[in-house]
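Open the model in a viewer and keep the selection tool at hand. The stops below go from strand to strand, then to two helix pairs.

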Amino acid sequence: MDRTSRQADWVIRSLPLITLYLTERCNSRCVSCDYWRHGRADMTPASVARLLPELHALGTRTVLISGGEPLIHPQWLEIARTLRVADLELWLLTSGLSLLKHARAAAELFERITVSLDGADRTTYEAIRGLDAFDNVCAGIRAAAGAGVQVGIRVTVQRRNYHALSALVALARNAGAQQISFLAADVLSHDAFGRAADYVADIALRAGDLGAFARVLDGLERDHARDFESGFIAESPLKLRRLWQYYAATCGQGEYPPTRCNAPEFSAVVEATGRIDPCFFIRGPADSADGSGLQRALNDEPLMRLRGDIRAGRRPECTTCVCSMWRDPDTFALAPPRAPVRARMQSAC
């Protein structure tokens, strides 16, 4: 196959899912992220409005609103309404710090909300998130769920909280969430989460934690069989074992779990600066933010070449990825089905 034929395979003709980082700023102080230290840029309502014809042409159906913390953007409500009027399905990813204040408005605009909650108690939450805001976040989850929107909780499993997975499942249920999902903490990416060049975070499990973590997973599978069966816990017990395998690999005790991902071929990330990335963990070319338009940037040589490298396994970030996504290429051009909650929650990081 010649170069031209290969590049034709990398052209984006359909984009069912797009992620918009409304802002680089954040009101959390997380140990795993640097947005709160260095974030400055905000996406403008005008820039979002300019995207709409292109999203329509690309068949986009779902917009994941993220950041930074999107609910601190002063015009998040205007932006969400603009997207909603355009008949796009909206999904909010939030730290939850401002959710109590905006629960009713968010419930009216977003079809689902995922709240990052990494502690089952005030002490653990503050140690990871840097703020004494546990009660406020839980109240926001209850308020949003009470307003009728589907709320999920996502836990980034790390050394400070791996022992409390069962308690987190109980917390999610008591707070009115409809699902809880567990993800390993990304400890190897240098471009994700607004991290600066000097970023250092001691959050990975250590070799001495692995035995205890295996017992925690055994207990979770034994004591929460119904939660796995119903999909309240999004991952299967087997998939959760991949978290153990990931941390064993970071300790030099085995290989990283294999990944299967074609997310850059059916989705993209637009940063608050306008830069276009193929996924959460790999940044796109700097000139993709030149204002030339989404479709042109996606199918310019630099991003097509980057997608080709990802597909061919030439990007080391993919080997150690904590959040891979796969979708049947035959469905790229189709509008996403109204999937059950379980499938929806597993479809993005």
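## Stop 1: strand E2

Select E2 first: five of the five residues of E2 are buried, so this strand is largely enclosed by the rest of the structure. Buried means a relative accessible area under 20%, exposed means over 50%, and partly exposed is in between, with a 1.4 Å probe and protein chains only. Helices (H or I, at least four residues) and strands (E, at least two) are DSSP runs, numbered from the N terminus.

This is a predicted model, in which local features need pLDDT of at least 70 and side-chain atom pairs count only at pLDDT 80 or more, while totals for chains, interfaces and linings use all residues. Residues are numbered from 1 along each chain as its sequence is written, and side-chain values use heavy atoms, with hydrogens and water left out.

Show the side chains of E2. Thr62, Leu64 and Ser66 lie on one side and Val63 and Ile65 on the other, and all are buried, which leaves both faces covered.

## Stop 2: the neighbours of E2

Two strands pair if DSSP finds at least two bridges between them. Strands of a sheet pair through backbone hydrogen bonds, either parallel or antiparallel.

Add strand E3 (residues 89-94), which runs parallel to strand E2 (residues 62-66) and is joined to E2 by four bridges. Two pairs to label are threonine 62, opposite glutamate 89 in E3, and isoleucine 65, whose bridge partner in E3 is leucine 92. How many of the six residues of E3 are buried? Six of six are, and E3 is mostly covered. Glu89, Trp91 and Leu93 on one side of E3 and Leu90, Leu92 and Thr94 on the other are all buried.

Now add strand E1 (residues 17-21), which pairs with E2 in the parallel sense over five bridges. Tyrosine 21 stands opposite serine 66 in E2.

## Stop 3: the whole sheet

Extend the selection to the open sheet of eight strands, in the order E6-E5-E4-E3-E2-E1-E7-E8, with mixed pairing. Its edge strands, each pairing on one side only, are strand E6 (179-184) and strand E8 (276-277).

Go towards E8 by way of E7. E1 and E7 run parallel, joined by four bridges, and leucine 20 stands opposite valine 270 in E7. In strand E7 (residues 267-270), Ser267 and Val269 point one way, Ala268 and Val270 point the other way, and all are buried. E7 and E8 run antiparallel and are joined by two bridges; the bridge partner of valine 269 in E8 is aspartate 277. The hairpin of E7 and E8 has five residues between the strands, and there glycine 274 takes a positive phi near 100°.

## Stop 4: valine 155

Go to the other edge and select valine 155 in strand E5 (residues 150-157). Is valine 155 buried or exposed? Valine 155 is buried, with a relative accessible area of 0%. E5 pairs with E6 in the parallel sense over six bridges, and phenylalanine 182 is the bridge partner of valine 155 in E6.

Contact means heavy atoms within 4.5 Å. With neighbours within four places in sequence left aside, valine 155 is in contact with Leu117, Asp118, Asn161, Leu168, Ile180, Ser181, Phe182 and Leu183. Draw a C-alpha to C-alpha distance from valine 155 to leucine 117: 5.5 Å in space, against 38 residues apart in sequence.

## Stop 5: two helix pairs

Two packed helices are described by the angle between their axes and the distance between the axes. Axes here are lines fitted to C-alpha atoms, for helices over the stretch in contact, and angles run from 0 to 180 degrees between N-to-C directions. Angles under 35 degrees count as roughly parallel, over 145 as roughly antiparallel, 65 to 115 as roughly perpendicular and the rest as oblique.

Select helix H4 (residues 76-85) and helix H5 (residues 99-109), whose axes come within 10 Å and cross at roughly 15°. H4 and H5 are therefore roughly parallel to each other. Trp76, Leu77, Ala80, Arg81 and Arg84 in H4 meet His102, Ala105, Ala106 and Leu109 in H5.

Finish with helix H9 (residues 210-223) and helix H11 (residues 237-250), whose axes come within 10 Å and cross at roughly 175°. That makes H9 roughly antiparallel to H11. Among the residues that meet are Leu210, Phe213 and Leu217 in H9 and Leu240, Trp244 and Tyr247 in H11.
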